[in-house]
Amino acid sequence: MSIAQPTLNRSGMDSTDLGLYAATVFAWGFSWIAMKGQISGVAPEVSVFWRFVVAAAMMMAWVRMRGYSLTFPLKDHIRFAGLGALLFSTNFTLFYYGAAYLPSGLLAVVFSTASVFNVFLGLVLFRQRPSALTLAAGFLGVAGIALMFLPEMAGTQFDTSVAIGLGFCICGTLSFCFGNMLSADTQRRGIGVMPATAWGMVYGMIFLGLFSAIRGQSFAVDWTLPYIGSLIYLALVASVIAFASYLTLLGRIGSARAGYATVLFPIVALALSTIFEGYQWTPLAIGGLACVIGGNVMMLRAR
């Protein structure tokens with residue numbers, strides 16, 4: 001199968017690039033509010049399980065239609081299982097747990113600081129010394145998170161529910177970062193992103209099914225329109241269409257410019273949280289969001 005060469009030398013973005021960019025930002029931006037529709041009446045791990053039952057089936061079919069081989073040796077399947085454990089089960093399940101405690105917009109803001117966690121992990125695990133600009137970006141991002149959560153935890157009594165939700169989201173982001181490291185190493189070994197993702201979703205689905213069964217959870221779903229609608233959206237739009245749009249965008253404009261989607265989708269998520277969940281803006285929250293966005297922009301430029 002021939003693959004078109006990326007057109008990274010273009011100085012601007014054409015209408016196709018803008019369409020892919022908008023699809024990525026809005027698909028991921030709306031996914032956080034859709035996640036809130038998955039946590040009432042059904043265990044979070046069961047909701048994530050059904051999400052990836054649907055997403056894995058569609059991804060497998062799409063990869064096969066694109067002509068990729070899905071046959072790999074056992075050693076590669078061990079890597080795919082690692083991707084399933086980190087990216088397509090633990091990561092999502094922890095954020096679903098966090099969604100029970102926090103507004104959806106704040107979930108997106110925490111996730112958008114994955115680049116900050118990457119710097120920390122690179123220093124601890126690989127002794128990669130960050131540049132001064134990277135350190136400044138990381139400090140700004142962490143300060144922004146602290147400012148955004150301060151109004152949620154301020155008061156005469158410490159709000160433990162907010163702390164629990166934040167803890168779940170931080171652990172979920174760390175799982176995502178470890179999964180990214182494994183994914184990058186998998187690509188360096190010559191394994192395509194799409195087949196690895198398809199198999200990762202399959203293994204994530206299997207792990208979630210086993211985890212749910214061990215916990216004695218029912219696999220029954222809530223057949224109401226909000227639950228089924230959000231499930232279809234998360235599986236089809238947020239997991240397959242958005243991922244395909246983002247990968248296509250990477251090939252067309254490069255990772256530096258495509259990465260700015262991670263700056264914009266938290267803004268969409270917070271706007272939706274304000275409209276549908278009554279998220280209360282304070283001067284500290286506004287300043288914190290500005291710090292998070294500024295830190296992400298600086299981190300992308302540092303790369």
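**Close-up 1. The largest nonpolar core of the predicted model.** This core has 75 residues. The members that touch the most others are W32, F52, F80, L107, F149 and W199. V42, A43, V46 and Y227 belong to a second, separate core, which has seven residues. In soluble globular proteins, nonpolar side chains tend to be buried together.

**Close-up 2. Surroundings of L107.** Apart from neighbours within four places in sequence, L107 is in contact with W32, M35, F95, G98, A99, L102 and C169. Of these partners, W32 is also listed among the core residues that touch the most other members.

**Close-up 3. Cysteines C169, C171 and C177.** The structure holds zero disulfides. For C169, the nearest cysteine sulfur belongs to C171 and is 9.4 Å away. C169 counts as buried because its relative accessibility is 0%. C177 also has a relative accessible area of 0% and is buried. The sulfur of C177 has its closest cysteine sulfur in C171, at 12 Å; this is too far for a bond, since a disulfide requires sulfur atoms within 2.5 Å.

**Close-up 4. A nonpolar patch on the surface.** F120, L123, V124, L125, F126 and F178 make up this patch of about 560 Å². Helix α5, residues 114–126, gives the most to the patch, with five residues. F178 is found in helix α7, which spans residues 160–188. With a relative accessible area of 35%, F178 is partly exposed. F178 therefore passes the 30% cut-off that patch residues must exceed.

Note on methods. Residues are numbered from 1 along each chain as its sequence is written. This is a predicted model: local features need pLDDT of at least 70, side-chain atom pairs count only at pLDDT 80 or more; totals for chains, interfaces and linings use all residues. Side-chain values use heavy atoms; hydrogens and water are left out. Patches are made of residues with over 30% relative accessible area and no salt bridge: like charges are joined within 9 Å, nonpolar side chains (Val, Leu, Ile, Met, Phe, Trp, Tyr) within 5 Å. Accessible areas come from the Shrake-Rupley method with a 1.4 Å probe; for residues, only the protein chains shown count as cover. A salt bridge is a side-chain nitrogen of Lys or Arg within 4 Å of a carboxyl oxygen of Asp or Glu. Helices (H or I, at least four residues) and strands (E, at least two) are DSSP runs, numbered from the N terminus. Buried means under 20% relative accessible area, exposed over 50%, partly exposed in between (1.4 Å probe, protein chains only). A nonpolar core is a set of buried Ala, Val, Leu, Ile, Met, Phe, Trp, Tyr and Cys residues joined through side-chain atoms within 4.5 Å. Contact means heavy atoms within 4.5 Å.
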